[in-house]
Amino acid sequence: MPESNLAERSDRSEEQVSGAKVIAQALKTQNVEYMFGVVGIPVTEIAIAAQELGIRYIGMRNEQAACYAASAVGYLTGRPGVCLVVSGPGLIHALGGMANSNMNCWPLIVIGGSSERNQETMGAFQEFPQVSNILTTQLYTSSE
């Protein structure tokens, strides 16, 4: 292998990629075309990264409407609709659309923001035990 290629690969391996870009690339890999939501502090970067990759972001006035719109895309296309919401109240407002999608077996991905993990139980901005509160309505949840 020529030295120039080795140096180029070495530079790329040291380049850091944000979590927002990893999420956006994963969605693009799954052929996601639309993302609905209400952006805010913990999720703005995800919306920007998704748009940079050609995913169309449609801003909504509230999370409930965003989640119903994303679930409708899942129903119409057979591919997951994506809903992007802020933590705490944003995720709670998305629950109606999540339950509707789940009951109808429509593919839906909801990405909810979160406060910093090192601030848990300390009253962080919009802190709410999100995962434990949606377990009853959803097939798969993750706090990772």
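This short talk walks through the fold of one protein, from its overall pattern down to a few pairs of residues.

Good morning, everyone. Please keep in mind throughout that what we are looking at is a predicted model. The protein has 144 residues, of which 31% count as buried, and its secondary structure comes to six helices and four strands. If you read along the sequence, these elements follow the pattern α-α-β-α-β-α-β-α-β-α.

Let us begin with the strands. Strand 1, which covers residues 34-37, runs parallel to strand 2, residues 56-59, and four bridges join the two. To find one of these contacts on your screen, look for Phe 36, whose bridge partner in strand 2 is Ile 58. Strand 1 also pairs with strand 3, residues 81-85, again in the parallel sense, and here there are three bridges. On that side you can look for Gly 37, whose partner in strand 3 is Leu 84. Strand 3 in turn runs parallel to strand 4, residues 108-112, with five bridges between them, and within this pairing Val 82 has Ile 109 as its bridge partner.

Now, how do helices fit between these strands? Strand 1, helix 3, which spans residues 44-52, and strand 2 together make a right-handed β-α-β unit. A right-handed β-α-β unit is also made by strand 3, helix 5 and strand 4.

Helix 5 deserves some time of its own. It holds 16 residues, 89-104, and at 1.5 Å a residue these should span 22 Å, which agrees with the 24 Å between its end C-alpha atoms. The helix nevertheless bends by about 40° at Leu 95. Which residues of helix 5 are buried? They are Gly 90, Leu 91, Ala 94, Gly 97, Met 98 and Ser 101. When you look at the spacing of that list, it helps to recall that an α-helix has 3.6 residues a turn, so residues three or four places apart point the same way. Just after helix 5 comes Cys 105, which takes a positive phi of about 60°.

Next, a question about two other cysteines: why is there no bond between the sulfurs of Cys 67 and Cys 83? The sulfur of Cys 67 has its closest cysteine sulfur in Cys 83, but the two are 4.3 Å apart, which is too far for a bond, because a disulfide needs the sulfur atoms to be within 2.5 Å. Cys 67 is buried, with 0% relative accessibility, and Cys 83 is likewise buried, at a relative accessible area of 0%. For the protein, the count of disulfides comes to zero.

Finally, let us turn to charged residues. Side chains of opposite charge can pair when their charged atoms come close. The count here comes to one salt bridge, formed by Arg 79 with Glu 33, whose closest N and O atoms are 2.6 Å apart. Arg 79 lies in the loop between helix 4 (63-77) and strand 3, while Glu 33 lies in the loop between helix 2 (19-29) and strand 1, so the pair ties together parts that are 46 residues apart in sequence. Are these two residues buried, exposed or something in between? Arg 79 is partly exposed, with a relative accessible area of 30%, and Glu 33, at 41% relative accessibility, also counts as partly exposed.

Thank you for listening.

Note on methods. Residues numbered from 1 in each chain as written. Predicted model: local features only at pLDDT ≥ 70, side-chain atom pairs only at ≥ 80, totals over all residues. Heavy atoms only, no water. Buried < 20%, exposed > 50% of the residue type's maximum accessible area, 1.4 Å probe, protein only. Pairing = 2+ DSSP bridges. Right-handed = clockwise from strand over helix to strand, strands pointing away. Expected span 1.5 Å × (residues − 1). Bend = angle between axes of the 7 residues up to and from the residue. Salt bridge = Lys/Arg side-chain N within 4 Å of Asp/Glu carboxyl O.
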